[in-house]
Amino acid sequence: MNKFETSDLLLPLPVMPSVENTFAHYTITSRLPGVIEQIFQDNDFPPVIVQELESLAEEIFAGWVRPLIDDQAPDLVAWNSSYIKPFEGKSWFDVPFYFAETYFFRRLLEATNYFVPGIWQGVDPFGYQKRSSLEKSMNAIRGISVRASIREQDSLTVTQQYYFHALSKPENYQTCITTLLQTALWGNQVDLSLWSARGGDDTNRDLHQQQTHILIDHTYDLLNYLNNIHGKRIDLIIDNASFELVCDFFLIDFLLSTQTVDTVYLHLKAHPTFVSDAMSQDVFYTLERLANDVSENVGMLATRLQEYIASGRLICREDFFWNAPLAFWEMPQSLREELAKASLVLIKGDANYRRILGDRHWLFTTSLSDIANYFPTPFVALRTLKSEVATGLEPDQIEILDEQDPSWLTNGQWSVIQFVIPKEGTRT
């Protein structure tokens, strides 16, 4: 099954950027032009590319959706024959928000000759921002590594020293994995499409975020589930590079080093998008940077993960679906079957959460499990809220949030850990 089981007529309406005074409208009118301005500053593009980017910025306001023209791109057919067809000729404000965003970032690559043979082929226009963001977060990363590393018995191997207490008592294991889950969760705050890397290091707010800002927390149920999957496989649908990716690394290292799972798969973008989204090259660059850090703990973390990659226990997979403007229920069958091999999938970030929901206006009180029964395997969504969709909340929560923090849906200060086991008979 690769379609939502309910008729499209019964689905909620998609989020639309045409609605003024919404985050979607603000994104199209302000954030996306700002992305272009930033890459002008970060890249020494020739005049022809600068002109293309300036034209793209103007087109957002006065143009319409057109087919792609970079005819050597491997995803051209999918975009032109499928994704763009329903919206061709429409204003950027009259198409679903998620389509508009993904289309923008794909058009940006067309403008920068990302798929065209030559000196700009394969050049990540957001590479400088990713690297700069990583450098600015290194102190926070070193702080996490100190708290994660426990080295009390010199007779143990480095890996055993690293997690000695986690293995010695069940309560220590649960404390460690809970802390690392929350580290991976709050690492999702650092999103370069929202906050430029030039703005300084904001990572400390992630590390000290209060428990009360986790609106839905299924950690207890998740830990009970993890207790029964030793020796299996966990997949991560990765979101951002830089600080968030390193936060994911700490969790991955723990899962592999404690033998909680045999194998971890990372599902990554096939090309740059949403400014900070991670590709395989970001994984390898980050590991190399960490391996050469002044902190011994940070260096050992990178070395272990590099060894896991070499031994086949940590595997990176890219797929153009992760860049596509599609809901997760439109996932190709081959990818569904691949994810179904995992005992658990961790779905990182706001954009991936939007895709679970088809970026539609479900009632905030709707159960996520009622929507996501189509997913091929149990999953946990780790998300800080940065868009105007949400599920699983209580009516009194919504009332309090609206009163105390009117921007709670989009300011990245609130989060969820939502664990879903799809019902039998609804999966492949």
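## Helix α13 and its buried residues

A residue counts as buried when its relative accessible area is under 20%. In this predicted model, that description fits Ser280, Asp282, Val283, Thr286, Leu287, Arg289 and Leu290 of helix α13. The helix itself runs over residues 280–291, and its twelve residues reach 17 Å from the first C-alpha to the last, which is close to the 16 Å expected at 1.5 Å a residue.

An α-helix has 3.6 residues a turn, so residues three or four places apart point the same way. The buried residues of α13 pack against several other elements, namely the helices α5 (127–136), α6 (138–148), α12 (243–257) and α14 (296–311), together with the strands β3 (261–269) and β4 (314–319).

## How α12 meets α14

Two of these neighbours, α12 and α14, also approach one another, with axes that come within 10 Å and cross at roughly 60 degrees. Because of that angle, α12 is described as oblique to α14, and the crossing in which α12 passes α14 is left-handed. On the α12 side the contact is made by Phe249, Phe250, Ile252, Asp253, Leu256 and Ser257, while α14 contributes Leu301, Arg304, Leu305 and Tyr308.

## The nonpolar cores

The largest nonpolar core has 80 residues, and those with the most contacts inside it are Phe104, Phe328, Ile356, Phe375 and Phe379. Helix α4, which covers residues 97–111, gives the most to this core, with ten residues.

A second core, separate from the largest one, has 54 residues, including Ala184, Val283, Leu305 and Tyr308. Val283 is also one of the buried residues of α13, whereas Leu305 and Tyr308 belong to the α14 side of the contact with α12.

Technical notes. Residues numbered from 1 in each chain as written. Predicted model: local features only at pLDDT ≥ 70, side-chain atom pairs only at ≥ 80, totals over all residues. Heavy atoms only, no water. Helix = DSSP H or I, 4+ residues; strand = E, 2+ residues; numbered from the N terminus. Expected span 1.5 Å × (residues − 1). Buried < 20%, exposed > 50% of the residue type's maximum accessible area, 1.4 Å probe, protein only. Contact = heavy atoms within 4.5 Å. Core = buried A, V, L, I, M, F, W, Y, C linked by side-chain atoms within 4.5 Å. Axes fitted to C-alpha atoms, helices over the stretch in contact; angles between N-to-C directions. Parallel < 35°, antiparallel > 145°, perpendicular 65-115°, else oblique. Left-handed = near helix turned anticlockwise from the far one by under 90°.
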